[in-house]
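Colleague: Before I accept the descriptive terms used for this model, I should like to hear the reasoning behind them. Shall we begin with the ligand and then turn to the helices?

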Amino acid sequence: MTLDSNRKDQHVDLAEQQYEPSNQSDFGKMRFIHHSLPNLKVADISLQTEMAGMNLAAPFYINGMTGGSERTKQINADLATVAKMTGLAMASGSVSAALKDPSVSDSFSVIRKVNPNGQIFANIGAHHSLENAKRAVDILEADALQIHINAPQEMIMPEGDRDFTMWLRQIEEITAHVGVPVIVKEVGFGMSRETIGQLIAVGVRTIDISGKGGTNFAAIENARRTAIAYDDLENWGQSTLISLLEADVHRGKAEFLASGGIKTPLDIVKALSLGAKAVGLSGQFLHMVLSDGPEQTAETIEAWKQQIKTVMAMLGKTSVADLDRTDLIFQRDILDWCDMRGID
Ligand code: FNR
């Protein structure tokens, strides 16, 4: 087994060990204001949304996770089965491993094989060349490309990258020339409005702020370390809720996706009501597919779609776009962050 494929298996194991059913995210610090007269028919509620030039039948998707080993090939096959059964879009994990070692390409291309007509995103790190980005898209016959930015993970990972000077330039070049829509994403550390501004300035139009509150890659890489532990860094980053508030100033210049600690249909609706066009889930769907298998997971997801409609009905909203204008209440510490950062 190569270092890469071993690491991919460890990420899955550690993410699953770390999984908590109860919500650790900031979404508990935000409430909808209940109004008693929703003026709609449930039959008129649509879950459709658009992102990265695509129409999505539901406003949530299976976010980037894995591939690169025999075991993760099976997980990707199971996740792709779920995507096919439910019509959800799905991202692969970083295709880097297959670019280095083509013998593991099938652990990614299996996603397309299982779901030939699905909406599928490839995924690579920001240090990659345009040529590598094109290869990653080809392997999955992908409809879009996710580029992940994960500096804290690289730094805590003993074998991680130590040179970040090319990231923004590579993102600019790939976004301009890769030939499919690009989604730049964090991996659970969240984004600041400064980061978002830098991405927009180089032409990025779809950004997944992937915030803190769910899978914690500082903790995962810390657990893999045999040298000095970095326990003090495990709380690094901005929550998904804060990151969406940070993104607000850039509305209209880019579209935002939310991920990080999304565990329930109510979390999905909360993220959408903060302006996200769609919501990605990784740790939660990994847990469901590992513990329940693909068929049961697909059934649960169908129930989630109904539950999202239930919340939308209670909010009096018939479309995902309308959720953007919902009355919200935040706890004091969230408002303190907004005050200090000058967010209205
Ligand atoms: C991830 N994530 C991830 N992201 C990415 O862009 N490329 C990758 O290869 C991976 N690998 C990966 C493996 C595993 C096992 C997990 C659980 C996650 C990060 C993921 O897309 C997401 O940004 C974070 O996990 C936060 O979302 P959740 O897990 O809290 O829903």
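Modeller: The residues of the shell around the ligand divide into 15 polar, six nonpolar and two charged. This is a predicted model.

Colleague: Which residues come nearest to the ligand?

Modeller: Among the 23 residues around the ligand, those that come nearest are Gly64, Met65, Ser210, Thr215 and Gly261. The largest share of the shell, three residues, is supplied by H1.

Colleague: How do you know that Ser94 makes a polar contact with the ligand?

Modeller: A polar contact requires a pair of N or O atoms within 3.5 Å. A backbone N or O atom of Ser94 lies 2.8 Å from an oxygen atom of the ligand, so the pair qualifies. In Lys185 a side-chain N or O atom is 2.8 Å from a ligand oxygen atom, and a polar backbone atom of Ser282 is 3.0 Å from an oxygen atom of the ligand.

Colleague: How much of the ligand's accessible area does the protein cover?

Modeller: On its own the ligand has 600 Å² of accessible area, and the protein covers 96% of that.

Colleague: Why are H1 and H12 called roughly perpendicular?

Modeller: Helix H1 (residues 3-18) and helix H12 (residues 283-315) pack at an angle of about 95°, with their axes 10 Å apart. Angles of 65 to 115 degrees count as roughly perpendicular, and the pair is therefore given that description. Val12, Ala15 and Glu16 of H1 make the contact with Leu286, His287 and Leu290 of H12. By class, four of these residues are nonpolar, one is polar and one is charged.

Colleague: What makes H1 oblique to H2?

Modeller: The axes of H1 and helix H2 (residues 70-86) cross at roughly 55° and come within 8 Å. Roughly parallel requires an angle under 35 degrees and roughly perpendicular one of 65 to 115, so the crossing of H1 with H2 is oblique. On the H1 side the contact is made by Lys8, Asp9, Val12 and Asp13, and on the H2 side by Arg71, Thr72 and Ile75. This contact has four charged, two nonpolar and one polar residues.

Colleague: Why, then, are H2 and H12 described as roughly parallel?

Modeller: Their axes cross at roughly 5° and come within 9 Å. Angles under 35 degrees count as roughly parallel, and H2 and H12 are therefore described in this way. The residues that meet include Ile75, Leu79, Val82 and Met85 in H2 and Phe285, Leu286, Val289 and Ile301 in H12. By class, the contact of H2 with H12 has 11 nonpolar, three polar and four charged residues.

Conventions: Residues numbered from 1 in each chain as written. Predicted model: local features only at pLDDT ≥ 70, side-chain atom pairs only at ≥ 80, totals over all residues. Heavy atoms only, no water. Axes fitted to C-alpha atoms, helices over the stretch in contact; angles between N-to-C directions. Helix = DSSP H or I, 4+ residues; strand = E, 2+ residues; numbered from the N terminus. Parallel < 35°, antiparallel > 145°, perpendicular 65-115°, else oblique. Contact = heavy atoms within 4.5 Å. Nonpolar A, V, L, I, M, F, W, Y, C, P; charged D, E, K, R; others polar. Near = heavy atom within 4 Å. Polar contact = N/O pair within 3.5 Å; in protein donor to acceptor, adjacent residues only side chain to side chain. Areas by Shrake-Rupley, 256 points an atom, 1.4 Å probe, with all protein chains shown as cover.
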